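Biologist: Please take me through one part of this model in close detail. I want the packing of one helix first, then whatever touches it, then the charged pairs.

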Amino acid sequence: MIKSRRTSTKPRPRNAAATRDAILLSALRAFADRGFDGVGLREIAQGAGVTAMLVGHYFGSKEQLFSEVVARAVTTPMILNQDNIASGKPGEALATALVKMTGAEQKPQDGFLLFLHSASIPHAAEITREQIEAHQYKWLASVMRGPHAAERAGLVLAIVAGVQIMRQMIGVAPLAKADPRVLAKVLAPVLQQLIAP
């Protein structure tokens, strides 16, 4: 008779922070690919290597998970960040970063795709708007000086999103095929006027 090897009955150590991060990353990728309505908790759980029940334990609902994914995306911006705004020439820094990140050779950022693919779904758009206003917009408006800072901050967000859509997603030729230096040179004074009139 062959004796079976005894395996350890000790459970593997759990790491709540790592599990939570894995779920958030899986959710970001799934929502970025298919939007809010195109993804279920089971799919997100599978991508994170956990069960749907565990996703529910950490986040409660798909809406709450989506809200946390959006909050993380807007609090870690790639273009509208502290370094670009605090530079001596924020219009130039933002224009250069935006043109570089939307070039034909660049893959659209997951955070941007998350917003884009969920914008037509009313409850997802509401969550996205709330998070953008609470984080990116609020921060940007707070660092701007002069009259109409709130409106100017909104316009900067609109220009960044518009360039991403028209240049990178739709590929409008005058933007998609433009010399990046020329495009940044044209865009920089527009952004500069909004940021620091």
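In which kind of crossing, left-handed or right-handed, does α6 pass α9?

Modeller: The crossing of α6 past α9 is right-handed (the near helix is turned clockwise from the far one by less than a right angle; anticlockwise would be left-handed). This is a predicted model, where local features need pLDDT of at least 70 and side-chain atom pairs pLDDT 80 or more, while totals for chains, interfaces and linings use all residues. Numbering starts from 1 along each chain as its sequence is written, and side-chain values use heavy atoms, without hydrogens or water.

Start with the geometry. Helix α6 covers residues 90–101 and helix α9 covers residues 149–169 (helices are DSSP runs of H or I, at least four residues, numbered from the N terminus). Their axes lie 10 Å apart, at an angle of about 25° (lines fitted to C-alpha atoms over the stretch in contact; 0 to 180 degrees between N-to-C directions). α6 is therefore roughly parallel to α9 (under 35 degrees; over 145 is roughly antiparallel).

Now the contact itself (heavy atoms within 4.5 Å). α6 supplies Leu94, Leu98, Val99 and Met101. From α9 come Val156, Ile159, Val160, Val163, Gln164, Arg167 and Gln168. By class, the contact of α6 with α9 holds eight nonpolar residues, two polar and one charged (nonpolar: Ala, Val, Leu, Ile, Met, Phe, Trp, Tyr, Cys, Pro; charged: Asp, Glu, Lys, Arg; polar: the others, Gly among them).

Next, the loop. Thr102 sits in the loop between α6 and α7 (110–118). Thr102 is buried, at 1% relative accessibility (buried is under 20%, exposed over 50%, partly exposed in between; 1.4 Å probe, protein chains only). Beyond its neighbours within four places in sequence, Thr102 touches Val163, Gln164, Arg167 and Gln168. Those four residues also belong to the α9 side of the contact with α6.

α9 has another partner, helix α11 (residues 180–195). The axes of α9 and α11 come within 9 Å and cross at roughly 160°. That makes the pair roughly antiparallel. On α9 the contact uses Arg152, Leu155, Val156, Ile159, Val163 and Arg167. On α11 it uses Leu183, Leu187, Val190, Leu191, Gln193, Leu194 and Ile195. The contact of α9 with α11 counts ten nonpolar, one polar and two charged residues. Val163 and Arg167 of α9 take part here; they take part in the contact with α6 too.

Last, the charged pairs. The count is seven salt bridges (a side-chain nitrogen of Lys or Arg within 4 Å of a carboxyl oxygen of Asp or Glu). One of them joins Asp21 to Arg72, with the closest N and O atoms 2.8 Å apart. Asp21 lies in helix α1 (residues 16–34) and Arg72 in helix α4 (residues 62–75), so this pair ties together parts 51 residues apart in sequence. Asp21 is partly exposed at 37%, and Arg72 is partly exposed at 39%.

Glu43 pairs with Arg34, at 2.0 Å between the closest N and O atoms. Glu43 is partly exposed, at 31%. Arg34 is partly exposed, at 38%. Both residues join Asp33 in a network of salt bridges.

Arg181 bridges to Asp179, with 3.0 Å between the closest N and O atoms. Here Arg181 counts as exposed, at 66%, whereas Asp179 is partly exposed, at 31%.

Methods: Helices (H or I, at least four residues) and strands (E, at least two) are DSSP runs, numbered from the N terminus. Angles under 35 degrees count as roughly parallel, over 145 as roughly antiparallel, 65 to 115 as roughly perpendicular and the rest as oblique.
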